[in-house]
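Please work through the exercises below with the sequence and the model at hand. Each task is followed by a solution in steps.

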Amino acid sequence: APEEDVFGIDLDRHLAVLSPREQVVVRGLAVEGRSVRDVAATLGLREGAVRVALHRGLKRLASAARKGIVS
């Protein structure tokens, strides 16, 4: 079954607009509540790179929502 949040939104469908790295970062930080340090260690990245990927991913999600790509 697709992963759903409390509002019944298909997270996988929304996250599909992101790059694979952005998907892991956004899911880890925003969905799973993991720390930047933990996600960075998992991906072998610096913490700053994880923060940049989160910012870019959230920006891409917002843009996709405005364009009606995901709803």
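The exercises move from the overall fold to helix packing, the core and two single residues.

The model is predicted, so local features need pLDDT of at least 70 and side-chain atom pairs count only at pLDDT 80 or more, whereas totals for chains, interfaces and linings use all residues. Residues are numbered from 1 along each chain as its sequence is written, and side-chain values use heavy atoms, with hydrogens and water left out.

**Exercise 1. Describe the overall fold.**

Step 1. Helices (H or I, at least four residues) and strands (E, at least two) are taken as DSSP runs, numbered from the N terminus. The protein has four helices and zero strands, and the order from the N terminus is α-α-α-α.

Step 2. Buried means under 20% relative accessible area, exposed over 50%, and partly exposed in between (1.4 Å probe, protein chains only). Of the 71 residues, 28% count as buried.

Step 3. A contact means heavy atoms within 4.5 Å. Among contacts with a separation of 6 or more, 47% are accounted for by residues 24 or more positions apart.

**Exercise 2. Check the length of α2 and identify its buried face.**

Step 1. The expected span is 1.5 Å times one less than the number of residues. The 12 residues of α2 should therefore span 16 Å, and the distance of 15 Å between the end C-alpha atoms agrees.

Step 2. The buried residues in α2 are Glu22, Val25, Val26, Arg27, Gly28 and Leu29. They pack against α1 (11–15), α3 and α4.

Step 3. After α2 comes Gly33, with a positive phi near 75°.

**Exercise 3. Determine how α4 is oriented against α2 and α3.**

Step 1. Axes are lines fitted to C-alpha atoms, for helices over the stretch in contact, and angles run from 0 to 180 degrees between N-to-C directions. Angles under 35 degrees count as roughly parallel, over 145 as roughly antiparallel, 65 to 115 as roughly perpendicular and the rest as oblique.

Step 2. The axes of α2 and α4 cross at roughly 95° and come within 9 Å; the two helices are therefore roughly perpendicular to each other. On the α2 side, the contact is made by Arg21, Glu22, Val25, Val26 and Leu29.

Step 3. α3 and α4 pack at about 100°, their axes 8 Å apart, which makes α3 roughly perpendicular to α4. Val36, Arg37, Val39 and Ala40 of α3 meet Glu47, Val50 and Arg51 of α4.

**Exercise 4. Locate the largest nonpolar core.**

Step 1. A nonpolar core is a set of buried Ala, Val, Leu, Ile, Met, Phe, Trp, Tyr and Cys residues joined through side-chain atoms within 4.5 Å. The largest one has seven residues: Val25, Leu29, Val36, Val39, Ala40, Val50 and Ala53.

Step 2. At least two of these residues come from each of α2 (20–31), α3 (36–43) and α4 (47–66). The largest share, three residues, belongs to α3.

Step 3. Leaving aside residues up to four places away in sequence, Val25 touches Ala30, Val39, Leu43, Val50, Ala53 and Leu54.

**Exercise 5. Is Gly48 buried or partly exposed, and is Ala16 buried or exposed?**

Step 1. Gly48 lies in α4 and, because its relative accessibility is 37%, counts as partly exposed. Its C-alpha atom is 8.7 Å from that of Val36, 12 residues apart along the chain.

Step 2. Ala16 is in the loop between α1 and α2 and is exposed, with a relative accessible area of 54%. The C-alpha atoms of Ala16 and Leu61, 45 residues apart along the chain, are separated by 9.4 Å.
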